[in-house]
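Reader: I am in my first year and still learning to read protein models, and I would like a close look at one part of this one. Could you take me through the sheet that holds the first strand, and then show me how the rest of the chain is arranged beyond it?

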Amino acid sequence: MQDTPADGSATDEPTTNDDTTSDAHADDTRTTDTRTDDHRTIDDDQPTSDAGRTAIVVARKRDEQPDTTEIERLAAAADYAVVGAVTQRRREDNRYNLGSGKADELARRVAETGADAALFDTELTPGQYSSLTELLPDGTRIIDRHRLVLDIFEAGAGGKAARLQVKLAKLRYELPRVRQTEERTHMQKAAETGSRLVDLEKRIRTVENKLDEVADRAGERRADRREQGFDLVAIAGYTNAGKSTLLHRLAEDLSVEELAPDHEDLDGAATVEDSLFKTLDTTTRRASVDGRRVLLTDTVGLVDGIPHDLVAAFSTTLDAVADSDLALLVVDASDPLAELREKLRVSLAELDDPRGELLVVLNKADLVDDAALDARRAAVADVTDDRVGDPLAVSALAGDGTDSLREAVADALPDADATFDLPNTGETQSFLAWAHERGRASATYKGDRVEIEFTARPAVVERARSRAAELRED
Ligand SMILES: Nc1nc2c(ncn2[C@@H]2O[C@H](COP(=O)(O)OP(=O)(O)OP(=O)(O)O)[C@@H](O)[C@H]2O)c(=O)[nH]1
Ligand SMILES: [Mg+2]
């Protein structure tokens with residue numbers, strides 16, 4: 001749902017009233033509102049997936065008429081039916097975030113529609129939250145963008161790492177709000193709030209420690225897999241770009257049952273759906289690319305406007321990208337050009353310079369024509385400052401371009417080769433079997449000698465050299 005003419009006509013509403021009253025009210029809020037519970041806390045959570053709930057989305061931008069597409073998609077992902085949109089082009093107002101006239105309109109619309117929630121596409125301060133609570137009909141849930149994403153994550157997080165990450169993100173979301181409340185609290189209440197702060201900080205540390213353990217184990221597993229000769233390829237990108245679809249397209253047709261049950265991140269889930277934040281847990285599957293054994297990891301989608309602490313809470317998931325040999329950054333080629341640029345910028349910033357190679361994949365190429373595709377290639381080159389190679393256009397859904405993508409993946413992965421001249425013994429045969437498992441090996445028999453040509457990850461080739469040296473000495 002886009003903005004209605006009625007909303008548009010109220011754009012840039014006169015600010016005279018607001019300007020004089022809003023600051024006074026903001027002061028009101030500061031002096032009278034000393035409650036510590038002036039926003040929802042992690043302890044008084046409501047269920048996040050009640051059926052049939054409705055919401056009005058609210059978007060405000062300083063310099064342009066806001067677009068409500070993304071907040072509506074976030075609302076849908078959180079199971080809200082959107083029954084209206086209130087938008088405003090205006091600078092932020094201290095009291096309601098919106099101008100007071102617009103805030104009144106919002107209250108009216110909520111009352112008329114009986115909406116359960118007002119979903120703000122911005123971040124609300126605790127003061128704005130409490131002013132809005134007073135203004136809107138009783139029981140209206142007031143949720144800002146940050147909180148909405150947390151709710152979606154909470155409802156969808158299945159795996160241990162994802163659950164811990166969501167918990168940490170929620171605790172961190174609380175922290176500045178409790179701190180701010182403490183600053184506004186009268187002296188006699190300070191001790192009480194202070195202890196809540198200490199408690200929160202303690203809980204944050206506990207979850208951080210647990211997550212560290214999960215991250216360490218994931219790191220060890222990645223090291224083991226490299227040791228076994230796997231190349232680690234991560235699929236990253238903005239939410240709904242088609243990452244999970246690409247995983248399904250590239251992964252070998254392995255059933256979940258065939259995978260080792262004790263590898264908790266080796267599973268076949270990675271649900272595909274036209275919804276934001278469908279994937280929250282990392283999913284890893286095997287793929288064979290040009291004879292190489294690759295482990296492909298699908299990761300949580302990235303999104304704009306989410307404060308850094310939430311992104312940081314997902315570092316365990318993002319580690320899979322940072323620590324990969326190659327990251328495929330999936331971009332939705334069907335997005336309008338400006339949106340594509342913005343999402344790419346956000347994704348690059350959140351990925352924070354991965355250690356391995358980076359390959360940009362222009363997905364959903366089936367939805368755009370060649371001219372549009374060329375414009376998108378140029379945009380990628382521009383946004384990435386030519387730091388990455390040419391993007392590859394694919395349709396993960398239809399399969400077009402995936403062969404070229406496989407070749408590009410194989411080319412981007414690190415490789416080394418070596419040739420070994422060894423005695424034809426049982427031990428050499430074991431070595432050959434070992435090499436077959438970890439890379440590409442071919443053997444030529446010459447009398448009682450075997451010549452083995454071996455190509456694999458550089459570290460594996462190094463190990464092959466030392467093993468072969470022992471065999472030669474025998
Ligand atoms: N037309 C078209 N649709 C695609 C393509 N790839 C994915 N889609 C659709 O895009 C939507 C999102 O796909 P997903 O694979 O779930 O996207 P994702 O990036 O994993 O999304 P999250 O896990 O929510 O971040 C689904 O409806 C897919 O069917 C494609 O190549 N062409
Ligand atoms: Mg996904």
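Author: Strand β1, residues 53–61, is joined by four bridges to strand β3, residues 117–120, and the two run parallel. One place to look for this pairing is V57, whose bridge partner in β3 is L119. Please keep in mind throughout that this is a predicted model, and that what follows describes the model as computed.

The two strands belong to an open sheet of four, in which the order is β2-β1-β3-β4 and the pairing is parallel. At its edges are β2, residues 80–89, and β4, residues 141–143, each of which pairs on one side only. If you compare neighbouring strands of this sheet and ignore their direction, they are turned against each other by 20 degrees on average.

Helix α3, residues 69–77, lies across β1, β2 and β3, and runs at about 155 degrees to β1. The same element also meets another helix, since the axes of α3 and α6, the latter covering residues 145–156, come within 9 Å and cross at roughly 35 degrees. In this crossing, α3 passes α6 in a left-handed manner. On the α3 side the contact is made by I71, L74 and A77, while α6 contributes R145, L148, V149 and I152.

Returning to β3, we can ask what surrounds one of its residues. Once neighbours within four places in sequence are left aside, A118 is in contact with A55, I56, V58, L106, V110, L136, T140 and I142. A118 also belongs to the largest nonpolar core, which has 98 residues, and together with L119, V331 and V361 it touches the most other members. The largest share of this core comes from helix α7, residues 160–184, which supplies eight residues.

A second core, separate from that one, has ten residues, including F420, L422, F454 and A468. One of these, L422, stands opposite V450 in β13, and this leads us to another sheet. Here three strands form an open sheet in the order β11-β13-β12, with antiparallel pairing. Its edges are β11, residues 416–423, and β12, residues 440–446; each has a single partner strand, so one side of each is left without a neighbour in the sheet. Neighbouring strands in this sheet are turned against each other by 15 degrees on average, direction ignored. Eight bridges join β11 to β13, residues 449–456, and these two strands run antiparallel. Helix α15, residues 426–438, lies across β11, β12 and β13, running at about 20 degrees to β13.

There is also an annotation to place on the model. The unreviewed UniProt entry lists S244 and T279 under "binding site". S244 is found in helix α9, residues 243–250. This residue counts as buried because 23 other C-beta atoms lie within 10 Å, and the cut-off for being buried is 20 or more.

Finally, these parts can be set within the whole chain, which has 16 helices and 13 strands. Of its 474 residues, 41% are buried. Among contacts between residues at least 6 apart in sequence, 75% join residues at least 24 apart.

Conventions:
Residues numbered from 1 in each chain as written. Chains lettered and ligands numbered in written order. Predicted model: local features only at pLDDT ≥ 70, side-chain atom pairs only at ≥ 80, totals over all residues. Pairing = 2+ DSSP bridges. Axes fitted to C-alpha atoms, helices over the stretch in contact; angles between N-to-C directions. Contact = placed C-beta atoms within 7 Å. UniProt positions renumbered as here; feature names shortened; annotations may be inferred. Buried ≥ 20, exposed ≤ 12 C-beta atoms within 10 Å, placed from the backbone. Core = buried A, V, L, I, M, F, W, Y, C linked by C-beta atoms within 7 Å. Left-handed = near helix turned anticlockwise from the far one by under 90°.
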